[in-house]
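Got the viewer open? Let's take a short walk through this one, one selection at a time.

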Amino acid sequence: MSMETDHGRVLVAVNKYDPDRWVRIIGAEREATRDRELPVDPSIRYAVVWSQPAGSLTGLPNLKAIFSVGAGVDHLLADATLPDVPIVRVVDPGLTRHMVEYVCWRVLDHHRQGRQYRKQQIARLWHEPPQPSASQIQVGIMGLGHLGRAAARALLALGFSVHGWSRREQSFEGVTCRHGAGGLRDFLAATDILVVLLPHTRDTHGIVDHALLSQLRRDGPLGGPVLINAGRGKLQKDADIVRALDDGTLTEASLDVFETEPLPAESPLWSHPRVFVTPHAAATSDPGELAPAMLRQMAAHDRGEPLVNLVDRTAGY
Ligand code: NDP
Ligand code: OXD
């Protein structure tokens with residue numbers, strides 16, 4: 001058991017991403033614990049959370065704020081008993097850089113026909129297929145938020161033509177922006193490579209289904225549309241993606257997230273020849289990179305300063 005300090009304690013309810021390291025790093029500056037010792041615990045002022053079991057943040061009468069270990073907060077908001085305190089999410093240059101790397105890596109691999117060259121190498125085949133230029137490829141980013149905008153900037157710098165889709169009207173130099181249900185059809189019709197960087201909310205649940213994929217541009221220079229999802233698995237319908245690949249609606253997909261995670265061993269996505277799978281690793285939350293900013297925010301809040309990067313609970317992100 002740890003001693004209480006003036007600052008109160010930090011509850012670390014992290015069910016992924018190396019919880020002990022979070023406790024160690026936060027514990028070096030403030031008292032941190034993984035354990036609730038009492039059903040009603042007035043010593044806890046902040047909680048650092050990833051996918052906490054429902055109810056684990058109740059009975060904390062002095063809780064001032066919840067810090068999500070991720071940029072997405074669907075894992076937190078799924079708990080109907082979540083106390084009504086501010087929620088701070090991750091907006092961090094390191095995490096953003098990781099996501100930008102992932103998006104550029106996958107877009108470039110599809111654009112530069114990585115799958116075909118890997119096949120050719122196995123067959124010892126020396127053949128150069130036609131190579132469209134980046135400017136001919138229309139990349140459509142669903143979710144023009146912190147990560148979507150950073151990805152758009154990097155893709156523009158690589159020479160791609162970039163489109164964006166958001167909930168509210170946005171403007172972004174060099175990007176053709178559309179928004180809302182009214183802008184979705186035109187956004188999809190213009191897109192060769194669809195990059196999904198949306199949050200999972202009531203409104204976006206299952207949005208990436210066969211009907212949506214069938215609206216993507218079909219006559220682009222890649223011979224058909226490509227899907228890249230690094231947002232959330234519950235944005236997509238895994239079975240619809242398999243169907244879209246098999247019936248020619250999609251040519252290839254890079255998926256970092258899945259309806260069920262870890263991706264079940266029996267999922268056909270594992271062995272599909274035109275799917276590239278990563279295990280929700282596009283932009284991992286490293287406590288060494290993220291905890292110092294959380295600690296700075298806690299200290300600033302203790303001094304009476306406002307919290308930043310707050311979640312809008314009504315919008316769900
Ligand atoms: P932001 O909150 O900054 O941006 C979210 C974007 O999605 C905004 O542009 C928002 O529109 C748009 N959006 C939300 N709801 C809708 C809707 N119903 N229709 C159209 N657009 C909508 O989030 P981030 O960019 O920081 O992160 C995005 C997501 O990436 C996270 O929520 C998380 O799920 C995922 N993620 C995945 C990681 C991984 O490793 N795979 C790592 C980190 C994050 P508007 O601009 O109008 O508000
Ligand atoms: C996040 C994630 O939301 O890693 O940050 O998925």
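Start by selecting ligand 1 and whatever surrounds it in this predicted model. You should pick up 29 residues around ligand 1, and those that come nearest are Arg 89, Leu 147, Arg 168, Gln 170 and Tyr 317. Color that shell by residue class and you'll get 14 nonpolar, nine polar and six charged residues.

Next, zoom in on the polar contacts. Click Arg 168: a polar atom of its side chain sits 2.6 Å from an oxygen atom of ligand 1. Then switch to the backbone of His 146, where an N or O atom is 2.8 Å from a ligand 1 oxygen. For a nitrogen of ligand 1, go to Arg 167, which has a polar backbone atom 2.9 Å away.

Now turn on the surface. How much of ligand 1 does the protein bury? Taken alone, ligand 1 exposes 940 Å², and the protein buries 93% of that. Switch to cartoon view and highlight helix H3 (93-111), helix H5 (146-157) and strand S7 (161-166), the elements that each give two or more residues to the shell around ligand 1.

Last stop: the cysteines. Don't hunt for disulfides here, as the structure has zero. Select Cys 104 and draw a distance to the nearest cysteine sulfur: that of Cys 177, 17 Å away. A disulfide would need the two sulfur atoms within 2.5 Å, so Cys 104 is in none. Is Cys 104 buried or exposed? At 12% relative accessibility, Cys 104 counts as buried. Cys 177, also in no disulfide, is partly exposed, with a relative accessible area of 26%.

Key: Residues numbered from 1 in each chain as written. Chains lettered and ligands numbered in written order. Predicted model: local features only at pLDDT ≥ 70, side-chain atom pairs only at ≥ 80, totals over all residues. Heavy atoms only, no water. Buried < 20%, exposed > 50% of the residue type's maximum accessible area, 1.4 Å probe, protein only. Near = heavy atom within 4 Å. Polar contact = N/O pair within 3.5 Å; in protein donor to acceptor, adjacent residues only side chain to side chain. Areas by Shrake-Rupley, 256 points an atom, 1.4 Å probe, with all protein chains shown as cover. Helix = DSSP H or I, 4+ residues; strand = E, 2+ residues; numbered from the N terminus. Nonpolar A, V, L, I, M, F, W, Y, C, P; charged D, E, K, R; others polar.
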